[in-house]
Amino acid sequence: MIACLTIPAFSLRAALKDRPDLRRKPAALAAAPGEQPLVGPCTRAAEQAGIRPGMRLSEALATCPDLHLVEQDPAGVEAEWERILRRLEDAGLAVEPAEPGCAYFETRGIERLAGGVKAAVQRALDAVGAPWEPRVGVAERRFAALAAASVAPAGRALVVDDEETELFLAPLPLHLLPLGQERREELSELGVKRLGELARLPKSAVADRLGAEGADAWRLVQGEGDARVAPRKPSAEIGESLEFPEPVANEITLARALSALVDRLLAREERGGRAPRRLAVSAKLVGGGSWRRAVTLREATAEPERLRQALAPKLSELPAPAVELRLELGELTESVGTQAELVRPRGSRLRSRLREGLRQVRAAVGIDAVCTVVEVAPWSRIPETRAILVPRDD
Amino acid sequence: MVAHPRDQGDSRAARRLNEPRPARVEAPENVPTSVGGVVVSSVREEWRVFDRWWTSEPVRRRYFDVVLETGENLAVFYDLERRAWFRQKA
């Protein structure tokens, strides 16, 4: 059977991980800079005060003046979700992450080991941990499993038998379907508010009115959805961070810091000559919150210049000064070979001798012995804020 | 069990360059006459830096570019916040 594990309002929970005092207060996730001012997921106290996710910010503050707005923390969300996925994998589950806070896995693989479906699912709930209030839905199809997880109580699992799937789905609301807001409103205006009401309509009529999106939704409520799980491959990632002594907003400085991080990561021993295909740059922002951008390369490369070129334009999207910059190289793959050079570039011998010299200095004095000077604010009137020393590994 | 690469402590802080160092300065009339026991032969320039007044750590310094009796050229400043003398490459 297919199990769907969900953690409601995961992005808010992850953002509040280090602020437990706010969990019991009315708090909601603020919109990202530049986005529509709509309230994101909110705490139970906020819900009790009348706040609903998707509400306009002005309306939310008028409804609940004590509402705490929590800054989005995409890097923190990603890190927490990765920790949870790894705990699930350590528990023997081959998981397919759908989005932060939602993952699928097949129970068949560990049913015998755990002693049944319920024990296998309990293993997943234990791996995630009670503070996250996870819930699991189990069914023969992915959509039914997701629907079951959406109504399961916190820390519990709900198993839906194949014969009962249609009956189970019928009274559930339409928002579980992967339909756009407009389509849902259209259906609501037509008097279709429950999955069962959509299931009773003829397929051709739904397809005629709502197009391919509607036809797909109709198939899901008929229990014809996908019954497969594609577990993720064990991730091979390496990361490096650079803390700034003070917040940095200058693009040139950020590009230099990024360059230093690229050099440090490429020099890491555990990379073992493999080239990354996925890159992610993230930053901790001044005053809390974080920012993250990921890039997937067309082909894996370990050429520092190409990595820099792929990431540098992203830095201009940073919404606030950064106090820490982090770079992650993922999907490390063995090199398939590139065109060799006929003539070695000028200076390559000198560079290799220099690299060897630096390696010996580091071996003798310590890994932080060799540093690069990175100009942070060369125009500053305070001399000690003009440049920083960044340890380098290459 | 082998630690996952992302779990490893890979964050190394950058360090500031040219941090001010405490200096022993004699300045009877608020102008340095000796630095570290060496007499100041001339004060080439004097300037003030008032910055970050909007933060909880304002910077209020009075810099002096001095030449010592030994011929050494250096910059010292009086930190009006900490009420102490420092030397620094300005």
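A residue counts as buried here if 20 or more other C-beta atoms lie within 10 Å of its own, and as exposed if 12 or fewer do. Keep that cut-off in mind while touring this predicted model.

**Start with helix α14 of chain A.** Select residues 348-365 of chain A, which form α14(A). Of the 18 residues of α14(A), the number buried is 0, so the helix lies largely in the open. At 1.5 Å a residue, α14(A) should span 26 Å, and the 25 Å between its end C-alpha atoms agrees with that expectation. Step on to A:Gly366, just after α14(A), where phi is positive at about 140°.

**Zoom out to the whole of chain A.** With the full chain selected, you have 14 helices and 13 strands on the screen. Of the 394 residues in chain A, 34% are buried. If you draw the contacts in chain A with a separation of 6 or more, 59% of them are accounted for by residues 24 or more positions apart.

**Now select the five-stranded sheet.** Colour the strands of chain A in the order β4-β5-β1-β6-β7, which is the order in which these 5 strands form an open sheet with mixed pairing. At the edges stand β4 (95-99) and β7 of chain A, each of which pairs on one side only, and the twist averages 20° from one strand to the next. Begin at the β4 edge, where β4(A) and β5(A) pair in the antiparallel sense over 4 bridges; to find a single bridge, select A:Glu96, whose partner in β5(A) is A:Tyr104. Then add helix α6 (residues 117-128) of chain A, which packs on the sheet and touches β1, β5, β6 and β7 of chain A, with its direction making about 150° with that of β6(A).

**Add helix α7 of chain A.** This helix lies across β1, β5, β6 and β7 of chain A, and it runs at about 145° to β6(A). Is α7(A) enclosed or in the open? Of its 10 residues (142-151), 8 are buried, so α7(A) is largely enclosed by the rest of the structure. The buried residues include A:Arg142 and A:Phe143 as well as A:Leu146. To see what covers them, show β1 (2-6), β5 (102-106), β6 (135-139) and β7 (157-159) of chain A, and with these strands the helices α8 (165-169) and α11 (203-221) of chain A, which are among the covering elements.

**Move to a loop.** Centre on A:Gly180, in the loop between α8 and α9 (181-189) of chain A. A:Gly180 has 11 other C-beta atoms within 10 Å, and is therefore exposed. Put a distance label between the C-alpha atoms of A:Gly180 and A:Glu213, which are 33 residues apart in sequence and 8.8 Å apart in space.

**Finish where chains A and B meet.** Show both chains and select the contact, which takes 23 residues from chain A and 20 residues from chain B. On the side of chain A that touches chain B, α4 (74-90), β8 (238-248) and β13 (387-391) of chain A each supply at least two residues, with the largest share, 8 residues, coming from β8(A). Coloured by class, that side of chain A shows 12 nonpolar, 2 polar and 9 charged residues. As a last selection, take β13(A) together with strand β2 (residues 15-16) of chain B, which run antiparallel and are joined by 2 bridges; here the bridge partner of A:Ile388 is B:Arg16.

Note on methods. Residues are numbered from 1 along each chain as its sequence is written. Chains are lettered from A and ligands numbered from 1 in the order in which they are written. This is a predicted model: local features need pLDDT of at least 70, side-chain atom pairs count only at pLDDT 80 or more; totals for chains, interfaces and linings use all residues. Two residues are in contact if their C-beta atoms, placed from the backbone, lie within 7 Å. Ala, Val, Leu, Ile, Met, Phe, Trp, Tyr, Cys and Pro count as nonpolar, Asp, Glu, Lys and Arg as charged, and the others, Gly among them, as polar. Two strands pair if DSSP finds at least two bridges between them. Axes are lines fitted to C-alpha atoms, for helices over the stretch in contact, and angles run from 0 to 180 degrees between N-to-C directions. The expected span of a helix is 1.5 Å times one less than its number of residues.
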